[in-house]
2 protein chains.
Amino acid sequence: MRSRAIPEATVARLPIYLRALLDLAETQRALTVSSEELARLAGVNAAKVRKDLSYLGSYGTRGVGYDIEYLLYQITRELGLTQDWPTAIVGIGNLGRALASYKGFSERGFRIDALFDNSSEAVGEEVGGLIVRHLDELKDCVAESGLCIGIIATPPTSAQEVAEHFVDAGIKSILNFAPAMVNVPPDVNVRKVDLSIELQILSFYQQRTQAIAAAREANRRLNLPSA
Amino acid sequence: MRSRAIPEATVARLPIYLRALLDLAETQRALTVSSEELARLAGVNAAKVRKDLSYLGSYGTRGVGYDIEYLLYQITRELGLTQDWPTAIVGIGNLGRALASYKGFSERGFRIDALFDNSSEAVGEEVGGLIVRHLDELKDCVAESGLCIGIIATPPTSAQEVAEHFVDAGIKSILNFAPAMVNVPPDVNVRKVDLSIELQILSFYQQRTQAIAAAREANRRLNLPSA
DNA sequence: CCGACTTTGTGATTTGGCTCACAAGCTGCG
DNA sequence: CGCAGCTTGTGAGCCAAATCACAAAGTCGG
Ligand SMILES: NC(=O)c1ccc[n+]([C@@H]2O[C@H](COP(=O)([O-])OP(=O)(O)OC[C@H]3O[C@@H](n4cnc5c(N)ncnc54)[C@H](O)[C@@H]3O)[C@@H](O)[C@H]2O)c1
Ligand SMILES: NC(=O)c1ccc[n+]([C@@H]2O[C@H](COP(=O)([O-])OP(=O)(O)OC[C@H]3O[C@@H](n4cnc5c(N)ncnc54)[C@H](O)[C@@H]3O)[C@@H](O)[C@H]2O)c1
């Protein structure tokens with residue numbers, strides 16, 4: 001067995017390769033793909049693709065490329081997507097509803113199995129083919145149906161509370177959409193998705209280029225050489 | 001003027017500090033905050049906070065900490081959030097609707113100003129106080145109301161097409177929710193948010209810990225020393 | 001005003017990941 | 001079979017970012 005330490009940065013790219021390979025497999029233009037082409041599809045450079053794939057083992061053939069089906073299988077296996085991951089969403093508001101009715105998750109092995117809320121309006125409602133249950137039922141539900149992944153889609157003020165419910169129920173992987181930090185024991189893995197942050201980063205770079213353009217314009221008017 | 005090159009990693013954390021500071025400012029417990037406390041609130045370590053803030057200038061006071069209001073203002077300015085950024089969403093389906101009715105964006109200076117779709121069902125409908133318009137009107141609309149940021153919330157097959165509409169209309173900052181690469185000219189900034197990828201990364205680490213637990217269990221049964 | 005204490009700001013070092021460049025290895029053809 | 005042409009796999013060097021560690025600069029109590 002080789003060194004079983006795949007760099008984090010590589011893990012984060014495997015799903016991108018996976019998607020690109022699925023697209024390739026569908027359009028059946030060829031049985032193999034070169035690191036060059038995969039790089040183009042994934043939007044990274046070829047050396048990075050090769051290095052990333054080399055952490056999984058030597059699955060390519062020199063002079064030919066990578067067998068698409070085989071590579072698909074290996075990445076799927078490495079990411080743990082050969083099994084389904086029963087997933088629960090807590091907080092069935094605007095975002096929770098969108099997530100609950102999204103087909104793309106189950107296509108990738110994430111079966112949304114249960115929805116929870118604590119408001120009497122939401123509980124009992126049907127969303128995306130599931131009945132919304134009360135948060136209090138979470139623990140029993142995890143015990144019964146072996147839920148593995150928890151998604152937080154409540155307002156930020158409730159995020160910590162919901163995280164604690166998840167931890168208490170034995171869930172070890174949490175995806176948090178609320179713009180708030182949550183504290184959990186070290187054996188629980190939390191990932192945060194913050195959509196506002198992405199916009200703010202865009203804002204930073206856009207402002208910067210606008211500022212540069214404005215400065216250049218000002219210089220031009222003053223007949224100074226551009227910096 | 002000091003070295004105007006803020007590391008990317010720092011830029012990505014500024015919004016996190018901003019949020020933490022806003023929380024602090026609301027609960028008015030103190031006028032200043034130490035790097036230690038800010039670090040705790042932001043979920044990073046204190047040295048990193050200090051180094052990040054030092055890129056903006058020396059806004060702290062030794063022995064005391066950082067003035068919350070002043071730091072808030074500086075980060076806001078640095079991120080370009082002293083102005084509003086008129087934003088458009090294309091693709092008013094499940095996700096687009098959730099985004100359109102989300103109040104958190106406008107609170108942070110991202111005013112959702114226009115919604116577009118290309119299906120006759122969606123066009124004309126009212127969502128979050130705005131009338132959905134046809135994608136063909138995008139260019140005129142950008143010219144009129146100076147839209148700055150474009151959000152793609154269409155299926156992946158349409159992502160490239162929508163991106164080209166944005167580019168054609170002169171938009172320089174794009175946030176892409178569709179799981180697909182888009183190619184744009186180098187002066188356009190695209191950020192991608194892929195929710196499935198986050199789940200897949202969780203899956204990887206969960207599978208890994210499960211595998212380790214299973215191996216340990218197997219060893220125990222065989223009366224071998226644990227690895 | 002002094003000395004104990006707190007907290008910043010930043011050089012120095014370490015770490016992790018990216019890129020380059022090329023030998024190794026495969027294919028196919030004459 | 002040998003050679004030309006690809007493409008992988010990976011060591012080496014490079015660069016950005018994380019962390020460390022501490023002097024500098026402030027506060028506060030007496
Ligand atoms: N809607 C978006 O597009 C969007 C975008 C970015 C971030 N977010 C974030 O996602 C989260 C959800 O956003 P939303 O727009 O869906 O909000 P929402 O107000 O529409 O829905 C929140 C839901 O959570 C439920 N809830 C509240 N406290 C709860 C608790 N303790 N236990 C269980 N359920 C609880 C509420 O009953 C409600 O149904 C928020 O944190 C928001 O900041 C949303
Ligand atoms: N819904 C979710 O929770 C979720 C989660 C993760 C990712 N996504 C991604 O976000 C995107 C949108 O998801 P959704 O669930 O809202 O899909 P959806 O099918 O509900 O909505 C897509 C909308 O885009 C419109 N559209 C299609 N082609 C268009 C075009 N060329 N120009 C303008 N409008 C067009 C459609 O008319 C529809 O209204 C998808 O790419 C999806 O993969 C969604």
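Select ligand 2 and A:Ala98. An oxygen atom of ligand 2 is 3.1 Å from a polar backbone atom of A:Ala98, which makes a polar contact (a pair of N or O atoms within 3.5 Å; within protein, one must be able to donate a hydrogen and the other to accept it, and residues adjacent in sequence count only if both atoms are side-chain atoms). This is a predicted model, in which local features need pLDDT of at least 70, side-chain atom pairs count only at pLDDT 80 or more, and totals for chains, interfaces and linings use all residues. Residues are numbered from 1 along each chain as its sequence is written, chains are lettered from A and ligands numbered from 1 in the order in which they are written, and side-chain values use heavy atoms, with hydrogens and water left out.

**Stop 1: around ligand 2**

Add A:Leu99 to the selection: a polar backbone atom of A:Leu99 is 3.4 Å from an oxygen atom of ligand 2. Then cross to chain B, where a polar backbone atom of B:Leu95 is 2.8 Å from an oxygen atom of ligand 2. The protein covers 85% of the 820 Å² of accessible area that ligand 2 has on its own (accessible areas come from the Shrake-Rupley method with a 1.4 Å probe; for residues, only the protein chains shown count as cover).

Show both protein chains now, and ligand 2 is found between chains A and B. Around ligand 2 there are 23 residues, of which A:Tyr102, B:Asn94, B:Leu95, B:Asp117 and B:Thr154 come nearest. A residue counts as near a molecule or strand if one of its heavy atoms lies within 4 Å of it.

Color the helices next. At least two residues of the shell around ligand 2 come from each of α5 (94–100) of chain A, α5 (94–100) of chain B and α8 (156–169) of chain B. Helices (H or I, at least four residues) and strands (E, at least two) are DSSP runs, numbered from the N terminus. With 3 residues, α8(B) gives the most to this shell.

Coloring by class gives 14 nonpolar, 7 polar and 2 charged residues in the shell around ligand 2. Here Ala, Val, Leu, Ile, Met, Phe, Trp, Tyr, Cys and Pro count as nonpolar, Asp, Glu, Lys and Arg as charged, and the others, Gly among them, as polar.

**Stop 2: around ligand 1**

Select ligand 1, which also lies between chains A and B. Its surroundings hold 23 residues, and the closest are A:Asn94, A:Leu95, A:Asp117, A:Thr154 and B:Tyr102.

Where do the backbone contacts of ligand 1 with A:Ile92 and A:Leu95 fall? For A:Ile92, a polar backbone atom is 3.4 Å from an oxygen atom of ligand 1. For A:Leu95, a backbone N or O atom lies 2.8 Å from an oxygen atom of ligand 1. Add A:Asn118 as well: a polar side-chain atom of A:Asn118 lies 3.3 Å from a nitrogen atom of ligand 1. The protein covers 85% of the 820 Å² of accessible area that ligand 1 has on its own.

Two or more residues of the shell around ligand 1 come from each of α5 and α8 (156–169) of chain A and α5 of chain B. The largest share, 3 residues, comes from α8(A).

**Stop 3: DNA strand D**

Select DNA strand D and the residues around it. There are 26 of them, and A:Ser35, A:Arg62, A:Tyr66, B:Asn45 and B:Arg62 come nearest.

Which atoms of the strand come within 4 Å of the protein? Of these, 66% belong to sugar or phosphate and the rest to bases.

Zoom in on A:Ser35, where an N or O atom in the side chain is 2.5 Å from a phosphate oxygen of DNA strand D. At A:Tyr66, an N or O atom in the side chain is 2.7 Å from a phosphate oxygen of the strand. A:Arg50 has a side-chain N or O atom 2.9 Å from a base nitrogen of the strand.

By class, the surface near DNA strand D has 7 nonpolar, 10 polar and 9 charged residues.

**Stop 4: the sheet in chain A**

Hide the DNA and show chain A as a cartoon. An open sheet of 7 strands has the order β6-β7-β5-β4-β8-β9-β10, with mixed pairing. Two strands pair if DSSP finds at least two bridges between them. At the edges are β6 (126–127) and β10 (189–192), each pairing on one side only.

Select β9 (residues 173–176) of chain A: 4 bridges join it to β10(A), and the two run parallel. A:Asn176 stands opposite A:Lys192 in β10(A).
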